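Trainee: I would like to learn how to read a structure feature by feature. Could you walk me through one?

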Amino acid sequence: MLLNTETPVRKTSGDAGGQSIKKYSDFVLKYNTLIIFIILLIVSSIISDAFFTARNITNLLRQVSGIGIVSLGMLLVIMTGGIDLSVGSIVAFAGVISAYFLLSMPFALGIGVTILIGVAIGSVSGYLVAIQRMAPFIATLALMTIVRGLGFILSKGTPIILEESGQSLKEFGGNYVFGIPNPVVLMFFVFILVYFILKYTVFGRLIIAIGSNEESVRLSGINVWIYKFAVYSICGGFSAIAGIISTSRTGVGSPILGIGLELDAIAAVVIGGASLKGGKGSAVNTLLGIIILGMIGNIMNLMNVPGYPQQVIKGLIIIFAVLLQGIKKSDSS
Amino acid sequence: MSKDFRVEMTDISKSFGGVTALKDVSFRVRPGEIHALVGENGAGKSTLVKILSGAIQKDSGTLKIDGLDVQIKNPHGARKLGIGIIYQELTMVPDLTVAENVYLHHLSNQRGFMNWAALFRSTDELIKRIGFDIDPRQHVGELSVAYQQVVEITKALSEDVKILILDEPTAVLAPKETERLFEVLNTLKSQQVSIVYISHRLDEIFQIADKITVLKDGLKVGEVISSEASTDDLIQMMIGRKLSAMFPKRKKKIGEELLSVQNIKKGKLVNNISFSLRSGEILGLAGLVGSGRTETLRAIFAADRKESGQIIIDHHPRKINSPKHAVSEGIALIPEDRKNHGVILSMSIKENISMTMIKSVVYKIGILNKSVETSIVKKLIRILQIKTKSIETHISHLSGGNQQKVVLAKWFGRDCKIIFLDEPTRGVDVATKIEIYQLINDLAEEGHGIVLVSSELGEIVGLCDRALVLNEGNIRGILERAELTEENIIKMSI
């Protein structure tokens, strides 16, 4: 009936004091990822002299470069309301096949084919999700197992070592541009690409719109499946790049690489304020999210905290970050 | 003596943000009486029963149950007084058994353990009491809609209900199932339960109700004994008012045929629908809720996949397999469910409006040209007089009327020749309604072809050149301009 469908009148906070509290909490909400980042940065610098050194920072960034690229792909998928659990397996598979291809192929061809295979694997997920309408969690869970298995089959369960012919990849992984390691440059390049896509392209606009209300986008005369398909392909391609970076740094393509990496990537995106329901998220905050995760590991290594407590603390920080965002949800409902 | 009445509502008034929904309405029901409430959409029927069931609060007036003054503050309070309500949409949990659904609200009183034997036994007794035989162990999801409704009624009875409210209970029922429901209601009536019955189907009301109260625009216009009144009397009372003043005059220039739809089929609700639409014409699709109006538009627009049928645009047969196809063939659909299908609530006005033309506001290779986007959006906001401070405002902050204008704007920008409007004024204030009527007329004058679905008969009569009347997915008839009256539509649609 007509009258009952009207939206209720929005409550406005009355006094000036309420206003300033609201402004303050708005600020916390808007920049909560940045705030956590800065707090961690300050705390880390205080508790360890070794933290804020060029060497350590470079090291930290290099460590997160691979997973950073994966997280940016994951962000695109999560923005559409999907999820991709196969990224860790693709990283390992790409690491293995890049080492394998470089035994016989020229550098550019080997790398190019590896990335294309990553895109192809992502496209299989994209096909299952966008065209067969399978639940993203299920489709990519299946791909995760399949691709992991393929990596083991191809490598016969042992790492493939980069031979003489693969030296150029090893050099790439070890080299710098203006003092910045190549993998880090690559991560920033991917970051700028994703940032640009989300902010300035039709593709980005539609990804956000689909995550917010897919049916409305479809009824606006847009073929939604193309975009859903594309984000999985891109995510697969990015994961392959991360795998190649790993091989370039370690000199081996290992099939056991990246187990559980999908969870770190999801954590980074979520710490960056994205909603798993889709439609919300940012490239800048995802980058901060991944650096936050890296910093937690880094500072605890510097403090000689053993591995097991590290996991506990990492989990607690994820909860804390999401709780900060949670204020918003209860506020707006 | 007031004890004669089970329910006695006197001079009830209620308004929502300045809009009067009910004014000084009195409504009384005796024990063992079936009392029907009728009126057009927006007449105030639902508001009245929501006050009785505690879903909303009255502004003024008194309410007596069995002669005692009561205040009903919430649905829980209503249940304690023995008032049960059954909505049009059933609220069962399909994966639980019949018994669990019936006693869902009592399950927490079992100290954490289920007493299955007692649960099944007492459910069985309740169902038998109304003359049915349903296995309490069966899952509700496996039951037909009619039986689910019986379970709803059983659930109400489990709380010792004295007053049972049914809001459009037969909208989802087949004729045979309706018969069963009426048997149940008569059984309850003989057990002295008072029943308030809301329905659009006048023939049913004469069959089941003892008394009929007619509401119109929030006022009570009459109370009749059903054996002493006729369908025509009721229709007269329900319409009464002249809506024609709200509808602007239009220069009619009906031209070439734009669209011809032949034998469209989709499920039960779109059964061999055919019609044609000319340039400059406004064609109405009338019928009750659930008659297949929305489904017909969605099938043509390919929002749902049709089973068969042909669509001919500008005399050429077209294959339309997706909304994208439909739009590129020049069809726009303004959907009924604005919040879920029309707009994206979490995005800005600008982003919502440009959604339909997003691929044309680019420099090259898909990079957005934001200055072109802004100027297009600003122009459309001016044309449609959308009231907002900024084009970056989120849609969720706009009123229903302004949200609807955004949906219209996004299709105005696309300039489709054929425009489907599904309940374009639902949830919209009167001033905006008149603006929207003017826009619809302007579109027709510019040579667009328009199909209008509306539950407000006044709109169909006031705006349309012709109307198709649907009933349960079939075309019941076409009313040409000369015969297009609210009475004829009602007669044809029931």
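Trainee: Where does B:Phe247 sit in chain B?

Mentor: This is a predicted model, and in it B:Phe247 lies in the loop that links α8 (231-239) and β11 (257-266) of chain B.

Trainee: Is B:Phe247 buried, exposed or partly exposed?

Mentor: For this we count neighbours: B:Phe247 has 18 other C-beta atoms within 10 Å, so B:Phe247 is partly exposed. A residue needs 20 or more to be called buried, and 12 or fewer to be called exposed.

Trainee: Which residues does B:Phe247 touch, apart from those within four places in sequence?

Mentor: B:Phe247 is in contact with B:Tyr437, B:Gly462 and B:Leu463. For a C-alpha distance to try in your viewer, take B:Phe247 and B:Ile383: they are 136 residues apart along the chain, and 19 Å separates their C-alpha atoms.

Trainee: May I try the same reading on B:Arg481? Where is B:Arg481, and is B:Arg481 buried or exposed?

Mentor: B:Arg481 belongs to the loop between β20 (474-480) and α17 (486-493) of chain B. B:Arg481 counts as exposed because there are 11 C-beta neighbours inside 10 Å. Beyond four places in sequence, the contacts of B:Arg481 are B:Asp465 and B:Arg466. The C-alpha atom of B:Arg481 is 7.6 Å from that of B:Cys464, although their positions lie 17 residues apart along the chain.

Trainee: Now strands, please. How should I read the side chains of β13(B), and which way do they point?

Mentor: The general idea is that side chains in a regular strand alternate between the two faces of the sheet. In β13(B), B:Ile282, B:Gly284 and B:Ala286 point one way, while B:Leu283 and B:Leu285 point the other way. Strand β13 (residues 282-286) of chain B is mostly covered, with five of its five residues buried.

Trainee: Which strands are joined to β13(B) by bridges?

Mentor: Strand β18 (residues 449-453) of chain B runs parallel to β13(B) and is joined to it by four bridges. Here B:Leu283 has B:Val451 as its bridge partner. Four bridges also join β13(B) to strand β19 (residues 466-471) of chain B, again in parallel, and there B:Leu285 is partnered by B:Leu468.

Trainee: How is a whole sheet described, for example the one with the order β6-β7-β8-β3-β9-β10 (chain B)?

Mentor: Start with the strand order and the pairing: this is an open sheet of six strands with mixed pairing. Next come the edges, β6 (83-86) and β10 (219-225) of chain B, each of which pairs on one side only. The twist from one strand to the next averages 20°. Inside the sheet, strand β7 (residues 163-167) of chain B and strand β8 (residues 194-198) of chain B run parallel and share five bridges, with B:Ile195 as the bridge partner of B:Leu164. Helix α6 (residues 175-190) of chain B packs on this sheet, touching β3 (34-38), β7 and β8 of chain B, and its direction makes about 150° with that of β8(B).

Trainee: And why does each edge strand of the sheet β2-β1-β4-β5 (chain B) have one side left without a neighbour?

Mentor: That open sheet has four strands and antiparallel pairing. At its edges, β2 and β5 (68-69) of chain B each have a single partner strand, so one side of each is left without a neighbour in the sheet. Strand β4 (residues 60-65) of chain B meets β5(B) over two antiparallel bridges, one partner pair being B:Ile65 and B:Leu68. α1(B) lies across β1 (7-16) and β2 of chain B, at about 115° to β1(B).

Trainee: What about packed helices, such as α5(A) and α10(A)?

Mentor: Two packed helices are described by the angle between their axes and the distance between the axes. For helix α5 (residues 107-131) and helix α10 (residues 224-250) of chain A, the angle is about 145° and the axes are 7 Å apart. Their contact residues divide into 18 nonpolar, ten polar and one charged.

Trainee: Last topic: how many residues does each chain give to the contact between chain B and chain A?

Mentor: Chain B gives 36 residues and chain A gives 27. On the chain B side, α10(B) supplies the largest share, four residues. By class, that side has 17 nonpolar, 14 polar and five charged residues.

Terms used. Residues are numbered from 1 along each chain as its sequence is written. Chains are lettered from A and ligands numbered from 1 in the order in which they are written. This is a predicted model: local features need pLDDT of at least 70, side-chain atom pairs count only at pLDDT 80 or more; totals for chains, interfaces and linings use all residues. Axes are lines fitted to C-alpha atoms, for helices over the stretch in contact, and angles run from 0 to 180 degrees between N-to-C directions. Ala, Val, Leu, Ile, Met, Phe, Trp, Tyr, Cys and Pro count as nonpolar, Asp, Glu, Lys and Arg as charged, and the others, Gly among them, as polar. Two residues are in contact if their C-beta atoms, placed from the backbone, lie within 7 Å. Two strands pair if DSSP finds at least two bridges between them.
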